[in-house]
Amino acid sequence: MREQIAEKSINQWVEQYPILEEIINTNEVFWTNPTYQMANSKNTLKEADIDDAAKRLKRFAPYIAKAFPETLESEGIIESPVKPIRNMQKAIEQNYGVTIQGDLLLKCDSHLPISGSIKARGGIYEVLKHAEELALKHHYISDDHDYTQFDSEAFKALFSSYEISVGSTGNLGLSIGIISAQLGFKVTVHMSADAKQWKKDLLRSKGVHVMEYQSDYSKAVIEGRIQAEKNPRCHFIDDENSQSLFLGYAVAASRLKEQLKTMDIKVDADHPLFVYLPCGVGGGPGGVTFGLKAEFGEYVHCFFAEPTNSPCFLLGQLTGLQDKVSVQDFGLSNQTDADGLAVGRTSSFVGEEIGHMLSGCFTIQDARLYALLRDLADTEEILLEPSALAGFYGPVQLLTQQSGLNYIENNNLQQKMKQAHHLIWATGGNMVPQEVMTGYYEKGKDVDL
Ligand SMILES: *Cc1c(COP(=O)(O)O)cnc(C)c1O
């Protein structure tokens, strides 16, 4: 714990924001954003930037379909299904004694092709964009060329003289490692201590250079950045500041809009959409939120979910200090089983881009992640990794905590909740080896929640 944070003592901070006492005690909280929807002059990205990213992914679709045959069915578009989960909805209503008006939906990024997590959006997008820039620079391609050529020996030879590097707690490393190796890049992944062994093994089997650190995510990123700077032919993927990653995630929204339309699900003045997104450094959920706000405006309500020991985005927003504060400053451990969410310090880039678009943040304890994992497996036969369940606690908290009820009332939503949809963003799981997943499920069985 730090004595002084931005020239105030912890006691002074707690006095100013009483919810901090709960956060420091690792109690689960539901915080709504007092500055929601206030204009923000700091925005640097525009809707046109999302369109540009969507078009780039379309250009690359023939390449993706060729290099990753599992995407043939979707013609090289890396997308995941949306599923109604009525049995899980009933289970939650029973377990928590709450009636969830409207319908629960699951966005299955856990089952995105290629890397089985939300990182298959941003991570793969940024590497493709970099590959395109290099190919253009070396006159291997012009805009109207057939992009399946990226899967040729000539292109692989070109990329083999370049390097990609990234710092990661696991899933970003998986997505960057897999796509970079497939394109022919040399690739190094700097893994934090909490990264799972199977992720390191899988990457090494694909020829990825994995560096391991005995410290948390922030340190792995710093080390990765220093090493990348030494090599001018190395592109460092900067999870904290990358606009490309952010835009790759944002493309999800226009696709979701189409999916909901196909399912006859309305999002408008009478049909609010609530979206609950697990948050680590903020880029994934932030990019998706940016896209959702562009598509649905005030009719979508986005909430971020973080572990009780790693609420870095919440602390950054609540205090206004963004990346000038860490969870350790407030005495929190940053220890959690939720891969991808074990981040002690948020991204100020993301906070400034979307902070004002965010309806709120909530925290969830690890034991509850396992309980929800068990319940989802039992009711829907869907298996997720622990982090990916964080969103599920959102509707419960929204509908039972005073802050949630106030949010509904202040936004005049009471009469509309019956027609609402609650979309839980399931961010990962499909790559988890079966024996590891069985271990997660068993842990859930032992939890009394
Ligand atoms: C990375 C990740 C997140 C959060 O993304 P950030 O960009 O770090 O906020 C959520 N869930 C899973 C499973 C992830 O791998």
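**Entry 1. Residue classes.** I count Asp, Glu, Lys and Arg as charged, and Ala, Val, Leu, Ile, Met, Phe, Trp, Tyr, Cys and Pro as nonpolar, while the others, Gly among them, are polar. The model I examined is predicted.

**Entry 2. Second largest pocket.** I applied these classes here and found four nonpolar, three polar and six charged residues in the lining of the second largest pocket. I noted a volume of about 290 Å³ for this pocket. Which residues lie closest to its centre? Of the 13 lining residues, I listed Lys58, Ile77, Ser254, Arg255 and Glu258 as the closest. I then looked up the elements that give two or more residues to this lining, and they are α3 and α11.

**Entry 3. Largest pocket.** I turned next to the largest pocket, which holds about 350 Å³ of space. It is lined by 18 residues, and those closest to its centre are Thr35, Gln317, Gln322, Gly355 and His356. I recorded α13 (312–319) and α14 (348–354) as elements that each supply at least two lining residues. Which element gives the most to this lining? I found that α13 does, with three residues. By class, I recorded six nonpolar, 10 polar and two charged residues for the largest pocket.

**Entry 4. Cavities.** I asked how many cavities of 30 Å³ or more the model contains. The count comes to three. For the largest cavity I recorded about 280 Å³ of space. Its lining comprises 28 residues, and Ile118, Lys119, Gly280, Gly340 and Leu341 are the closest to its centre. I noted α7 (171–183) and α12 (283–296) as the elements that give two or more residues to this lining. The largest share, three residues, comes from α12.

I then sorted the lining of the largest cavity by class and obtained 11 nonpolar, 13 polar and four charged residues. Which domains contribute to this lining? I found at least three residues from each of domain 1 (4–44 + 74–114 + 250–445) and domain 2 (118–245).

**Entry 5. Second largest cavity.** I recorded about 120 Å³ of space in the second largest cavity. Leu57, Ile64, Gly76, Ile77, Ile78, Ala120, Arg121, Gly248, Val251, Ala252 and Arg255 line it. α3 (47–67), α5 (119–137) and α11 (252–262) each supply at least two of these residues. I counted the classes as seven nonpolar, two polar and two charged. I also returned to Entry 2: Ile77 and Arg255, which line this cavity, were listed there among the residues closest to the centre of the second largest pocket.

**Entry 6. A strand pair and its crossover.** I looked up how strand β7 (residues 186–191) and strand β8 (residues 209–212) are joined, and found four bridges between them. Do these strands run parallel or antiparallel? I recorded them as parallel. Methionine 191 stands opposite glutamate 212 in β8. I then followed the chain from β7 to β8 and found that it passes through helix α8 (residues 197–205). This β-α-β crossover is right-handed.

**Entry 7. Aromatic pairs.** I found 22 aromatic pairs in the structure. I examined the pair of tyrosine 370 and tyrosine 440, which has 6.2 Å centre to centre and 50° between the planes. Planes under 30 degrees apart count as stacked and those over 60 as edge-to-face, so an angle between these bounds counts as tilted. The pair of tyrosine 370 and tyrosine 440 is accordingly entered as tilted. Which helices does this pair connect? Tyrosine 370 lies in helix α15 (residues 366–380) and tyrosine 440 in helix α18 (residues 434–446), so I noted that the pair ties together parts 70 residues apart in sequence.

Notes. Residues numbered from 1 in each chain as written. Predicted model: local features only at pLDDT ≥ 70, side-chain atom pairs only at ≥ 80, totals over all residues. Heavy atoms only, no water. 1 Å grid on protein atoms, 1.4 Å probe; cavity = no way out; pocket = protein on both sides within 12 Å on 5 of 7 lines; lining within 4 Å. Points joined across faces, edges and corners; volume = space filled by probe spheres on them. Domains from an automatic or database assignment. Pairing = 2+ DSSP bridges. Right-handed = clockwise from strand over helix to strand, strands pointing away. Phe/Tyr/Trp six-rings, centres within 6.5 Å; stacked < 30°, edge-to-face > 60°.
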